[in-house]
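Fancy a bit of practice reading a fold? Open the model and work through the exercises below.

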Amino acid sequence: MGKASQFDKLRRSRKRKRFFRRTVAAIAGTALTLACLAAFAVVYQLDLRSALENSVASLKGGGGFPVPLTEVNVQQLLPMGGDVAVVTGAGTYIYNGNGALLNSCLSSYRTPQTKTAGGKLLTYDLGGSGLRVDNKAKNLYTTTVSGTLLAADIAPTGAIAAVQSVPGAYAQVSAYNPRFELMYAWTVQDSYITGVSLSPRGERMSCAGLTMEGQHLVSLLRIHHFDRDQEAARVSLPDQLIVSMVWNDEDEIQVVTNRNLYLFSSEGEQLAMTALPGELITYENVPGAIYIAYGDYRDPAGVTVLSYSGDLEREGSVSLDRRLISITSDGNHVLVLAEGQLYLGDPSLRELKQRGHSDLYMVCPAGSYIYGVSPDGLIHAPL
């Protein structure tokens, strides 16, 4: 009986060990499966394949700068990481820091509008029906909508939103995930829609609406969360026009109108407001900062450029006695381009220094570089 008892103990011990090994293996297998699913979800949502294609394209060797642009009419420069998108009437050409042409995004759009985010380029035909998304290496998506396109936006994640006209309503707003699958749709029955802006993660959006209340023109800030069936907020801004909406990293909305600057929460609560000190000439609205310009360079006071923090606190200012061409910022640097002179400033505009480029008529910061357009073509210089 003792031997049998000892044998039973040994058998039970072996069973426990086998059970332990199998349990550990099952847990490890489950963890590995969950990790694979999580990785797949990240790749699916953020489209890491496109990011890899961008990284490889950025390494392409080129002939340096300046890059001749004699055959195109440049309308805009947009940053794409450390590379640049040169927007023309015929399409957009993407160049890297070596002067190599990475992608030619050509279209027959009559009124092309272009935006960049997260290494992708969104182009849509304002007043037409065509829309496309490209990265630095290839075209990712092309579609033709049934209505007339009124506005569109792209988030850093690659999510996009498009506003189009539809029969029986003012507009249809549709949002798509980074794989261009429909994830939200809203039929607008009570106001015109003039603009759309997506949150950084592409999970929320704000729309600029326009309507009449009595004899007054009223702009509307309309906020939607894609996990809700109902509109999250509808904010009236009487006797104003919304000219810009940008979501910051805290999921708050920075709004520029022709009269005021606003900061709203994602639920539509007004967090801050400041009145513009003069008639708006131009602006730059980037997450965490707003820059506005007013005045006349021919007057003794000249043109004044003001910087505001993300909380709409006034920070630095600069006065110019030259015609202002543009203000551009990447959140870390500010480029103020005036006729015959380029200025580089810190984000708060407390320090501003002249750069030696006197013949530029278009600039943008991209990574640690400045891209610009001069009579010689596209130029490239360190910040």
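Here are three exercises on this predicted model, each with a worked solution.

**Exercise 1. Find out how far the predictor trusts this model, and where pLDDT stays under 50.**

Start with the whole protein: mean pLDDT comes to 90, and 88% of the residues reach 70 or more. Next, look for the weak stretch. That's residues 35-46, where pLDDT stays under 50. The model has nine contacts for this stretch beyond four places in sequence.

**Exercise 2. Work out the strand order of the open four-stranded sheet, and name its edge strands.**

Step one: trace the order, which goes E21-E22-E23-E24, with antiparallel pairing. Step two: pick out the strands that pair on one side only, namely E21 (280-286) and E24 (314-320). Step three: check the twist, which averages 15° from one strand to the next. Finally, zoom in on E22 (residues 289-296) and E23 (residues 302-309): these antiparallel strands are joined by eight bridges. Within that pair, Ala289 sits opposite Ser309 of E23.

**Exercise 3. Is Gln164 buried or exposed, and what does its side chain reach?**

First, place the residue: Gln164 belongs to strand E10, residues 160-166. Its relative accessible area is 12%, and the cut-off for buried is under 20%, so Gln164 counts as buried. Now list the company Gln164 keeps beyond four places in sequence: its contacts include Val145, Ser146, Thr148, Leu149 and Leu150, along with Ala171 and Gln172. Gly147 is on that list too, and here there's a polar detail: a polar atom of the Gln164 side chain lies 2.8 Å from the backbone nitrogen of Gly147.

Definitions and conventions. Residues numbered from 1 in each chain as written. Predicted model: local features only at pLDDT ≥ 70, side-chain atom pairs only at ≥ 80, totals over all residues. Heavy atoms only, no water. Pairing = 2+ DSSP bridges. Helix = DSSP H or I, 4+ residues; strand = E, 2+ residues; numbered from the N terminus. Axes fitted to C-alpha atoms, helices over the stretch in contact; angles between N-to-C directions. pLDDT = per-residue confidence, 0-100. Contact = heavy atoms within 4.5 Å. Buried < 20%, exposed > 50% of the residue type's maximum accessible area, 1.4 Å probe, protein only. Polar contact = N/O pair within 3.5 Å; in protein donor to acceptor, adjacent residues only side chain to side chain.
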